[in-house]
Amino acid sequence: MDEFRVQVGPAAFRIGSRWRQPIARLASLYADYPKPDIPDFTVRLDAPSLLRRFVRRSVAIDGDFMLPDAVPLPFDQALLAAEMGMNLQMALGWRRHLLLHASAVERGGRVLIMTGASGSGKSTLSALLGQNGWRFMGDEFVLLDLESGAATPFPRLISLKNEAIAAMQAAAPDAVFGPLMQATPKGDIMHMVPPSAAIARMTESAPPALLLFPRFGHLVAVREVAPGETFMRMTQASTNYVALGEAGFRAMTRFVREVPARAIDYPSGEEAVALVERLWERLT
Amino acid sequence: MSRDAMLLVEALRDPASTRGLDADGWTALIAMARAEQLIGTLAHRLQCESVPSKVAEILADARINAEHQRRSALWEADCAVRALADYDGKVVLLKGTAYVAAGLQAGEGRHIGDLDIMVAREDLPQVEKLLLEKGGWEWVKEDVYDDAYYRDHMHELPPLIHKDRDRMIDVHHTILPLTAGPRPDAVAMLAEARNVDAEKAVSAEPVEVREAVLDRASTGSALTGDMCVLSPTDMVIHCAAHLFADGDLAGGLRNLWDMHCLLTEFSERDESFWAMLQTRAQYHQLWPAVHRGARLAHELYRTEIPKEWQNWNSHDKWYIRRLTARDAWGRPTRKITRLIFYIRSHLLRMPPMMLARHLFTKWRKGSRKT
């Protein structure tokens with residue numbers, strides 16, 4: 001197997017591939033990240049059968065932690081396969097923090113966390129804010145320290161989908177982008193390398209100050225979310241809350257008590273950024 | 001770099017053997033342990049070793065996970081016992097859940113998936129009804145052929161899954177398929193099954209949980225008081241039957257580790273254990289499986305077994321080749337050996353003609369679906 005290693009925040013990965021090309025692409029996109037000697041997780045990209053190694057090549061996602069009936073992806077979506085494999089290891093295997101399926105940015109030593117279903121725009125919003133004076137911390141997972149409650153970054157490659165691709169290419173013309181992968185199970189996908197400060201400071205955690213539940217495609221609206229509702233929604237948004245037992249419960253209750261939460265609707269990226277700035281100012 | 005899972009076997013057998021590992025060695029060891037579902041066991045074994053800081057973090061994760069699995073397994077067992085409160089017969093926990101409920105060393109750090117229980121065969125209709133109506137379990141898949149096959153030929157009901165908790169339960173009435181060669185005496189196993197010692201089941205819980213549970217147990221409301229486990233000899237025999245007389249040795253290193261722990265713990269408690277085990281295994285027609293399990297555990301994990309049990313069998317090396325077929329990426333290796341054991345597992349389960357009929361039916365159904 002061809003091999004590639006990368007450290008993202010506190011998590012170290014080893015990615016093995018049957019083919020050289022996906023490894024070369026990962027290595028160039030993750031060029032500025034540290035390379036660990038002992039990885040936390042192994043991800044394997046292999047052909048689902050001998051035939052599919054050569055003819056209509058496709059990539060099965062495999063690794064330390066797996067889902068039983070994951071569907072293989074076409075070969076030209078191998079980068080997406082690697083991303084899904086890495087996410088899966090975190091979602092199923094990470095126990096050192098309370099893991100939230102959310103994006104995060106930081107400013108002035110305090111963290112803004114955004115969570116929501118796929119399509120809510122949390123990933124795009126974090127990338128946009130990352131171009132507008134905020135430190136990008138991650139677009140997929142936020143890791144809450146079980147003792148201090150601080151948010152630890154997980155700044156993997158930003159995964160842009162559909163309309164967000166053109167929007168970010170316009171907003172960040174100097175950024176490095178990966179190849180366009182069309183018609184994947186998640187729509188069109190393009191990866192973007194996070195700003196260099198995000199990578200350089202990926203071990204710096206900070207306390208969370210605001211939680212947003214963004215929703216794209218509606219007129220601007222803000223609603224306060226009570227701790228009880230936040231608690232229920234965040235247990236859904238965490239993949240390891242149950243497995244952590246009492247430690248997870250303590251971290252989660254502390255989070256919903258200390259961090260104010262708002263549900264926001266927004267019609268465009270620009271208005272979302274302006275709205276976030278307004279909410280953030282009111283906070284301080 | 002290590003050739004196969006002997007690296008994992010050595011680390012389990014002798015934790016100090018990991019002191020010489022470099023970064024690649026640790027990487028391979030962790031990938032293999034995860035693939036064999038032995039990472040929790042490894043974490044438990046290496047508790048007193050000083051390991052690289054990254055490894056310490058990985059093993060700490062594995063301990064948290066094992067603790068979660070232990071807790072969930074006992075909770076599932078508790079739910080099943082409460083659903084079966086109106087059933088008068090014994091409810092016997094099997095495999096991993098039994099080991100943690102009985103506080104055995106085999107349960108330390110062990111991965112536990114489904115809940116396995118055993119009840120008397122004639123009581124299956126009642127137990128099935130209670131689990132479906134009172135417990136909230138439902139059939140995983142409704143398929144007339146599979147359902148009939150399970151009921152006519154297997155040692156368990158078709159698997160049930162819980163509506164809300166998404167956890168499976170296997171209800172056994174004996175320990176081997178009815179079509180297999182050996183015919184263990186399930187009635188005798190049930191007769192010898194004994195209540196779980198409530199103290200042991202909760203010994204790893206915080207003190208306030210322990211007191212609350214023991215309080216409930218003493219008033220006779222569910223939990224451990226109504227749970228049984230097999231007698232020590234039958235527990236070993238079931239472990240060996242599961243490993244060698246049923247299945248293709250997938251997950252075999254873990255099952256053999258169970259065997260190692262059970263043999264070591266029971267023989268330390270009682271000197272006459274070996275003689276009782278042999279007599280009981282012969283009675284259940286499973287002496288070859290038990291003997292092979294003890295030999296292989298001795299060979300791989302250095303289990304102390306009686307001298308006269310140590311006569312090496314020429315086939316054992318093939319079992320070891322199969323058990324250790326794993327590479328540094330955690331991938332299965334030795335395809336041909338695996339295939340041979342896979343075919344063997346089907347031949348053990350049923351006579352050849354029946355197997356042919358079964359595979360033909362399965363194949364027809366499979367090709368109709370696509």
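A residue is called buried when its relative accessible area is under 20%, and exposed when that value is over 50%. The legends below describe a predicted model.

**Figure 1. Helix H12 of chain B is largely enclosed by the rest of the structure.** Helix H12(B) covers residues 252-269 of chain B. Of its 18 residues, 15 are buried, and the helix is therefore described as largely enclosed. The end C-alpha atoms of H12(B) lie 26 Å apart, which agrees with the 26 Å that 18 residues should span at 1.5 Å a residue.

**Figure 2. Helix H8 of chain A and the elements that cover its buried residues.** H8(A) runs over residues 269-283 and has 15 residues. From its first C-alpha to its last the helix reaches 21 Å, close to the 21 Å expected at 1.5 Å a residue. The buried residues in H8(A) are Ala272(A), Val273(A), Leu275(A), Val276(A), Glu277(A), Leu279(A) and Trp280(A). An α-helix has 3.6 residues a turn, so residues three or four places apart point the same way. The cover over the buried residues of H8(A) includes one helix, H3 (122-130) of chain A. Strands of chain A also contribute, including E6 (97-107), E7 (110-115), E14 (208-216), E15 (221-225) and E16 (261-266).

**Figure 3. Surroundings of Asp46(A), in strand E3 of chain A.** Strand E3 spans residues 41-46. Asp46(A) has a relative accessible area of 16% and is buried. Once neighbours within four places in sequence are set aside, the contacts of Asp46(A) within chain A are Met1(A), Arg18(A), Trp19(A), Ser58(A), Val59(A) and Ala60(A). From chain B, Arg331(B) is also in contact with Asp46(A). Asp62(A) is 16 residues from Asp46(A) in sequence, and their C-alpha atoms are 7.5 Å apart in space.

**Figure 4. Arg56(A), a residue with positive phi in a loop of chain A.** The loop that holds Arg56(A) lies between E3 and strand E4 (58-63) of chain A. Arg56(A) is not a glycine, yet its phi is positive, at about 40°. Most residues other than glycine have a negative phi. With a relative accessibility of 67%, Arg56(A) counts as exposed.

**Figure 5. Arg326(B) in the loop between helices H15 and H16 of chain B.** Helix H15 covers residues 316-323 and helix H16 residues 335-349. Arg326(B) is buried, at a relative accessible area of 12%. Residues up to four places away in sequence are not counted among the contacts given here. Arg326(B) touches Arg3(B), Asp4(B), Ala5(B), Met32(B), Ala35(B) and Glu36(B). The remaining contacts of Arg326(B) are Arg331(B), Pro332(B), Thr333(B) and Arg338(B). Arg331(B) is the residue of chain B that also appears in Figure 3, in contact with Asp46(A).

**Figure 6. Arg334(B), a residue with positive phi in the loop between H15 and H16 of chain B.** The phi of Arg334(B) is about 55°, although the residue is not a glycine. Arg334(B) is buried, with a relative accessible area of 18%. Arg326(B), shown in Figure 5, is found in the loop between H15 and H16 of chain B as well.

**Figure 7. Chain A as the setting for Figures 2 to 4, with 8 helices and 16 strands.** The radius of gyration of chain A is 19 Å, which agrees with the value near 19 Å for a compact globule of 284 residues. Along the principal axes, the C-alpha atoms fill a box of roughly 60 × 45 × 35 Å. Buried residues account for 57% of chain A. Of the contacts in chain A between residues at least 6 apart in sequence, 69% join residues at least 24 apart. There are 30 positive and 29 negative side chains, and the centres of these two sets are 3 Å apart.

**Figure 8. Chain B as the setting for Figures 1, 5 and 6, with 17 helices and 7 strands.** Chain B has a radius of gyration of 21 Å, close to the 21 Å given by the globule rule for 370 residues, so it is as compact as a globular protein of that length. Its C-alpha atoms fill a box of roughly 55 × 55 × 50 Å along the principal axes. Buried residues make up 56% of chain B. The exposed surface of chain B is about 16800 Å², with 53% supplied by carbon and sulfur atoms.

Methods
Residues numbered from 1 in each chain as written. Chains lettered and ligands numbered in written order. Predicted model: local features only at pLDDT ≥ 70, side-chain atom pairs only at ≥ 80, totals over all residues. Heavy atoms only, no water. Expected span 1.5 Å × (residues − 1). Buried < 20%, exposed > 50% of the residue type's maximum accessible area, 1.4 Å probe, protein only. Contact = heavy atoms within 4.5 Å. Rg over C-alpha atoms; globule rule 2.2 N^0.38 Å. Lys, Arg positive; Asp, Glu negative; His and termini not counted. Charge placed at Lys NZ, Arg CZ, Asp CG, Glu CD. Areas by Shrake-Rupley, 256 points an atom, 1.4 Å probe, with all protein chains shown as cover.
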